[in-house]
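Trainee: Could we go through this model together, slowly, one question at a time?

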Amino acid sequence: MEGLAGLASPIAIGLLLGGLYVVIALGLSLVFGVVKVINVAHGDIVVLGSYFAWVLLTNLGVDPMLTVLVGAPVFFGLGILVERFLLHRAIKKSADAALIVAFGLSLIIQNAIQWKWTPYSRQLGTSYMLESFAIGGLRIPLVYVLDFAAALVVMVVMHQFLKRTYLGQAITAASQDRQTAELMGINPARVYAIAFGIAMALAAIAGVFLGMTFPFTPTFGPSVLIIAFGVVILGGLGNMVGTFLGGMIFGLSQTLGGHFLGPTGQQLVPFAMVLVVLTIRPQGLFGR
Amino acid sequence: MRRKIPLSKRGSLRKRGSLALLVAAALAVLPLLGVPRTWLLYLFFFFVYLAAANMWNLLAGYSGLLALCPAAFIGLAAYTMTILTWLHVPFYVGIVAGGAAAALFAAVISVAVFRMSGIYFAIGTLVLPEILRLVFLRWRPVGGGLSGGGAGYMVKGVSKLSSADSYWLALAVCCVSVIVLAIILRSKFGLGLAAIRDNANSAASSGINVFGLKLYSFIIAAFVMGMAGAVSYTREGYIEPLSGFSINWLMIVLLSVVIGGIGIEIGPLVGTAIFVILRFRLARSGDVSLLIQGIILVVIMLVAPQGIVGLIRDLHRRGITGLIRDLRRRVEGGLGQRPSPILRVAGLRSGPPPVSAVSTPDSLSDSHAPKEEQTWEK
Amino acid sequence: MQTPVDRTDPGALRGLGESCTTPAEVLLRVSNIDVYYGSLQVLCDVSLEVRSGEIVAIAGANGAGKSTLLKTISGLMHPAIGSIEFAGRDVTRLNAYDIVSQGISQVPEGRRLFPEMTVLQNLMIGSYNRSARPRREQNLARVYELFPILKERRNQVAKTLSGGQQQMVAIGRGLMADPKLIIIDEMSLGLSPLIVTELFRVLHEIQARGVTVLLVEQNVWQTLHEADRAYVLETGRMVLSGNAIDLRQEEQVRNAYFGA
């Protein structure tokens, strides 16, 4: 029976791909958990990260993995500015206003990218991207392994930051009880701005790995956003382990859906899962 | 839905009503006066967009439902009409059928999305058009299989439609939207919505069926929006998933409503007019056009979230100085605990800044009820 | 800038070049404040004083404005009129997160622990403000001394603690901010009399270590036996004030709260 053995490949790929999705989702989860706003521009920021890496690659020959080191701080700074001057004001008015402003940002980013770099599809192509491993009869592309590795590294770093630094604990506290956090001496506005900055830095990193894994276009943002949401909703908010598992499940549902139901399945099964989880357990499978 | 209007207001309502009737009649006659085709084109889009915008205003501005799925209703209705034309059903029947299909979809999907609170609702609805797009990409209920072509269908039986015919269709659906909205807002239904908007919890404890009212809004809006979308495609003549379920539709209604003033009855009227003019002016600039639209959206939300109509009203009420004072306070972003100069009545409010997007599981996206996160109320 | 502080002297003020002063020094002075919540006036012409080393209580019925008063003192709200002075500085316009480093720490009503964080994490975040960080370990040790059970349960998640334990963590967290003045809102709410008595004992110990205490309490009887001075707030106005002993005899108080 081809069945079981044939499953090994989709399972492996699904899990590894899930790593990429985790990195994509972490930024969104952070913003949602702390600032309590859905950043609908998140997907577009990720794509912006991909283009950032692409520009550095094609113009300066910088390897995408190195771009991460440059992109993250740049996007961090951008994020702080955007939050302080745009989002913060919007949030003060209402949650819906923030959503709409984020939507506007999404439009702006998408069209600015399209204007500057044309609607043609791009990819971050490097020499090692075409490499693949052979493990136990499976062919695993190197990129996927890198995606997964990235997820692990990012998660560990974020975890340590949140648990061991005053700032990290301040972010956690502000996300659980903003007013009481103020009483601790935590400036919520500053914390929000920093959290958003971190989220954007994460998006930049995600963008680099996304660009190495898939071809991207300026309008790819919303699809990325939906993936990020799917992962966050599946895994629930508030813990990194949940987001990690959410990413794994999302990746698996894609590859297994594709394996059993063809390309339609690959695209629809994850959505279906998300809708189901949203309906019966909105706080996510592992959320609190 | 019986009218409950105080006697004093009946006079002005009648005035307004007759004015509107006059305007509609004048607009209907327009094509017969030999106006240029481009006018009819502009107005066609204006009517279609206004119809959709009015309904979206009903959802987001009056019912507290920030539904990001107009494309779902529009695309579904348009597809229904198109498919029916392939089954020899005339398009004008198809338009109504399309609206009905969208309404049915809204009713069915509400089982899922209405369980989601606030932000999840917004996201749940955002995903819907995407899902439908994917479905219609594969599913070909009529006609042959894909033979290299897209997943689209031609709309049969509309090629002979003149500019005037399209124009009248659009005008008709627009009038429907205006009338429906007017009736709702002046009925008990509307009163209930206003109560919910002010404070969902006390509305519920007053015996108002919060869930039911929101559901009705959702379904009605889907119906009219669907019809508007179907009408739009009678002119287009061809529908495909990418266009029918495009996020473009959300942009259109969002901008139209926000520019004019969300939660204000004539907001979309002003907003759509400006939007259409803007769009056509910028059409030559291609990509920059959308870029500018995005910027406008952001700027308006930050500087004048009450929209242009709202701005004018505030101006009228407070004078320039009051407005500048307000603007300055807003820009400084402060939260002074000073008494606000004007005690605002239902529809606008002063008070602590609304913070949380995550509302209680039972209440839906309450865009206008400021709730201070975890207040220590005695 | 930092003069060495004798923490056992209730009259001592921290650093900032000020010398030790007499025990009756006014630490907190609230002068004629009006506070609005939106367009609703909640406090009208409210004044109070807290002297260094005292335990001062504010009593009043629900809705009298006690919480608003505390929020205003800690900087979460600001008065429209009037001023607030702390340790000689005008803090009226300061935001809450800046006031903490001035030396005011508030233990909010309902404990308000960070629910998903552990006891230790809650305590540690209490020392977030810059002035408290250097003495973090010392203060932690002191908190464990006052509440030994917290040391036992330091890795327990806050929301799983009992009401009394949560209150201990809340007070401990407030102390971690290294305050001159600690404000406690409704300490006894929902707690058994035994625990409340124990908490009051701890308050006296805190007082002995040089921290001034401002309380808001519904449990008027016990409070008037534990506090040095008290104020009574009624619908946004101060109606009574004085030594706790005197207030206990006061006709109005007896009628209103003791039914005697």
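The conversation below takes up the sheet of one chain, then a pair of helices, then the contacts between chains.

Mentor: Before you ask, note that this is a predicted model, in which local features need pLDDT of at least 70 and side-chain atom pairs count only at pLDDT 80 or more, while totals for chains, interfaces and linings use all residues. Residues are numbered from 1 along each chain as its sequence is written, and chains are lettered from A and ligands numbered from 1 in the order in which they are written.

Trainee: In what order do the four strands of the open sheet in chain C lie?

Mentor: Helices (H or I, at least four residues) and strands (E, at least two) are DSSP runs, numbered from the N terminus, and two strands pair if DSSP finds at least two bridges between them. In chain C, β1 (residues 26–37) and β2 pair in the antiparallel sense over eight bridges, while β1 and β4 (residues 81–86) do so over five. Two bridges then join β4(C) to β5 (residues 89–90), again antiparallel. The order of the open sheet is therefore β2-β1-β4-β5.

Trainee: Which strands are the edge strands of that sheet?

Mentor: An edge strand is one that pairs on one side only. Inside the sheet, C:Val30 stands opposite C:Ile84 in β4(C), and C:Arg29 has a bridge partner in β2(C), namely C:Glu49. The edge strands are β2 (40–51) and β5 of chain C.

Trainee: What angle does the direction of helix α1 of chain C make with that of β1(C)?

Mentor: Helix α1 (residues 66–74) of chain C packs on the sheet and touches β1, β2 and β4 of that chain; two residues are in contact if their C-beta atoms, placed from the backbone, lie within 7 Å. Axes are lines fitted to C-alpha atoms, for helices over the stretch in contact, and angles run from 0 to 180 degrees between N-to-C directions. The angle here is about 115°.

Trainee: Which residue takes a positive phi in the hairpin of β4(C) and β5(C)?

Mentor: Across this hairpin, C:Glu85 stands opposite C:Asp90 in β5(C). There are two residues between the strands, and the one with a positive phi, near 45°, is C:Ala87.

Trainee: How is helix α6 of chain A oriented to helix α8 of chain A?

Mentor: The axes of α6 (residues 166–176) and α8 (residues 188–213) of chain A come within 10 Å and cross at roughly 105°. Angles under 35 degrees count as roughly parallel, over 145 as roughly antiparallel, 65 to 115 as roughly perpendicular and the rest as oblique. That crossing angle therefore makes α6(A), relative to α8(A), roughly perpendicular.

Trainee: How many residues in the contact of α6(A) with α8(A) are nonpolar?

Mentor: A:Leu167, A:Ala170, A:Ile171 and A:Ala174 in α6(A) meet A:Pro188, A:Val191, A:Ile194 and A:Ala195 in α8(A). Ala, Val, Leu, Ile, Met, Phe, Trp, Tyr, Cys and Pro count as nonpolar, Asp, Glu, Lys and Arg as charged, and the others, Gly among them, as polar. This contact has no polar and no charged residues, and its nonpolar count is eight.

Trainee: Which element gives the most to the side of chain A that touches chain B?

Mentor: In this interface, 38 residues of chain A are in contact with 41 residues of chain B. The elements of chain A that each supply at least two residues are α3 (64–93), α4 (95–117), α7 (178–183), α9 (221–235) and α10 (240–280). By class, this side has 23 nonpolar, eight polar and seven charged residues. The element that gives the most, with 15 residues, is α4(A).
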